[in-house]
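Me: I have a sequence and its model open side by side. Please take me through one part of it closely, in short steps.

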Amino acid sequence: MKISSILKDNRVTVSFEVFPPKKWENLENTKAVVREMAESKPSFMSLFASALS
């Protein structure tokens, strides 16, 4: 489903933006945080990858 479709529903939406870890060894912690956030059943989650990283 597209985010634009979710936003057209006239309902309150909750979303999370996730920033990947700068160090590979922190990936498991990031995955744990994402699983915890997913329990809140957000409308969508997005991954932000900076061009400066």
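Reply: Start with a working term: contact means heavy atoms within 4.5 Å. With that in hand, go to Thr-30. Leaving aside neighbours within four places in sequence, Thr-30 is in contact with Val-18, Phe-19 and Pro-21. Keep in mind that this is a predicted model.

Where does Thr-30 sit? Thr-30 is found in helix H2, which spans residues 27-38. Is Thr-30 buried or exposed? Its relative accessibility is 17%. Buried means under 20%, so Thr-30 counts as buried.

Now take the other side of one of those contacts. Pro-21 lies in the loop between S1 and H2. Pro-21 touches Asn-26, Leu-27 and Thr-30, with residues up to four places away in sequence not counted. Pro-21 has a relative accessible area of 25%. The partly exposed class lies between 20% and 50%, so Pro-21 is partly exposed. Thus the contact between Pro-21 and Thr-30 pairs a partly exposed loop residue with a buried helix residue.

Pro-21 can also be placed against a residue further along the chain. Ala-49 is 28 residues away from Pro-21 in sequence. In space, their C-alpha atoms are 9.7 Å apart.

Next, the frame around this loop and helix. Strand S1 covers residues 15-18, and strand S2 covers residues 44-47. The two strands run parallel, joined by four bridges. One pairing to find on screen is Glu-17, whose bridge partner in S2 is Ser-46. Together, S1, H2 and S2 make a right-handed β-α-β unit. Val-18, one of the contacts of Thr-30, falls within the residue range of S1.

Stay on H2 for its charged side chains. Glu-28 forms a salt bridge with Lys-31. The closest N and O atoms of Glu-28 and Lys-31 are 3.4 Å apart. Both residues lie in helix H2, three residues apart, about one turn of the helix. Why can such a pair form? Side chains of opposite charge can pair when their charged atoms come close. Lys-31 has a relative accessible area of 38%, so Lys-31 is partly exposed.

The structure holds two salt bridges. Besides the Glu-28 and Lys-31 pair, the side chains of Asp-9 and Arg-11 meet at 4.0 Å, N to O. Asp-9 is partly exposed, at 42% relative accessibility. Arg-11 is at 60%. Exposed means over 50%, so Arg-11 counts as exposed.

Note on methods. Residues are numbered from 1 along each chain as its sequence is written. This is a predicted model: local features need pLDDT of at least 70, side-chain atom pairs count only at pLDDT 80 or more; totals for chains, interfaces and linings use all residues. Side-chain values use heavy atoms; hydrogens and water are left out. Two strands pair if DSSP finds at least two bridges between them. A crossover is right-handed if, with the strands pointing away from the viewer, the path from the first strand over the helix to the second runs clockwise. Buried means under 20% relative accessible area, exposed over 50%, partly exposed in between (1.4 Å probe, protein chains only).
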